Amino acid sequence: MQIVICKDADQASKMVAAYIERAIKAKPATVLGLATGSTPIRLYKDLIRRYKEGRIDFSKVHSWNLDEYIGLEPTHPASYRYFMNEQLFDHVNIDKANTHVPDGLAKDVEAAAQAYEDGIKADGGIDIQILGIGSDGHIGFNEPATSLVSRTHVQTLMLGTRQDNARLFFDGKLDEVPTRAMTMGTGTVLDSRTAILLAFGKGKAPAIAGAVEGAISHMNQASALQMHRDAKFFIDEDAASMLTPKNIDFFKAVYADSDLKALENA
Ligand code: PGA
């Protein structure tokens, strides 16, 4: 794991956008794994800026989103397909036929989940997986006690997750937040070549402390990233605030020595 403690969410988002720019320049047909939620919005804004400045060409990029609510139409403003169109796809030259979000309306959800897994594999696997983290440590919608080797599946959402999302995306109306979602599994996420997790604010500090310094546990799904071959956390000072001070100093020293530092002004 590489832990990059950034000045603020803006700096972290810009660094990750610069990382993605560099990756797409090196491999135009990069396969991105994408996330929704409030956390990646700044990242998507900066990717749009880079596209408009002629620095990134998305024409050959493919994408696979982590999750989607069961039962929301893609035209529903809180659906993740709608979110992705609004926050990124409608503003860059990605071919929408190459963008994938799990089918929350599938009649046979088991078959749809398997088809999603097969599709990722047929696409060559995910090069860069973007992740947020829930206050309960979830990645995608993999709630506590989900198998750490899970694949794409239907997941019942915890009340706290639904409350967080009601506040942010459903005008506070908890009853309107679906109770289930289809999500890539934590095992699916572990197959990505690089995983980049973003976390901002004190609300994420316990989950980050558990993921980074806790033992690997299904009670904090992000802790499974300790087993990932190339996981990078870009977090702000608040999200880092419950890490042990000596570890914070060490992560800052490692970062100062790493090639990621070159992204600060890229
Ligand atoms: P948030 O959600 O970005 O809205 O905080 C993150 C998550 O639940 O994964």
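In this report, Ala, Val, Leu, Ile, Met, Phe, Trp, Tyr, Cys and Pro count as nonpolar, Asp, Glu, Lys and Arg as charged, and the others, Gly among them, as polar. With that in hand, let's look at the ligand and its surroundings in this predicted model.

**Around the ligand**

The shell around the ligand holds two nonpolar residues, six polar ones and one charged one. Its members are Gly37, Ser38, Thr39, Gly132, Ile133, Gly134, His138, Leu168 and Lys204. The ligand itself takes up the space of the largest pocket.

Three of these residues place a polar side-chain atom within 3.5 Å of a ligand oxygen atom, and the table gives each distance.

| Residue | Side-chain N or O atom to ligand oxygen |
|---|---|
| Serine 38 | 2.9 Å |
| Threonine 39 | 2.5 Å |
| Lysine 204 | 2.6 Å |

How much of the ligand's area does the protein bury? Taken by itself, the ligand exposes 280 Å², and 84% of that is buried by the protein.

**Glutamate 117**

Another residue to look at is glutamate 117, which is part of helix α4, a run covering residues 109-122. Is glutamate 117 buried or exposed? Its relative accessible area is 10%, and because buried means under 20%, glutamate 117 counts as buried. Its side chain also has a partner: glutamate 117 and arginine 151 are joined, side chain to side chain, by a polar contact of 3.1 Å.

Key:
Residues are numbered from 1 along each chain as its sequence is written. This is a predicted model: local features need pLDDT of at least 70, side-chain atom pairs count only at pLDDT 80 or more; totals for chains, interfaces and linings use all residues. Side-chain values use heavy atoms; hydrogens and water are left out. A residue is near a molecule or strand if one of its heavy atoms lies within 4 Å of it. A polar contact is a pair of N or O atoms within 3.5 Å; within protein, one must be able to donate a hydrogen and the other to accept it, and residues adjacent in sequence count only if both atoms are side-chain atoms. Accessible areas come from the Shrake-Rupley method with a 1.4 Å probe; for residues, only the protein chains shown count as cover. On a 1 Å grid over the protein atoms alone, a cavity is a set of points where a 1.4 Å probe fits but cannot get out, and a pocket is an open set with protein on both sides within 12 Å along at least five of seven lines; lining residues have an atom within 4 Å of a point. A molecule sits in a cavity or pocket if more than half of its atoms lie within 2 Å of its grid points. Helices (H or I, at least four residues) and strands (E, at least two) are DSSP runs, numbered from the N terminus. Buried means under 20% relative accessible area, exposed over 50%, partly exposed in between (1.4 Å probe, protein chains only).
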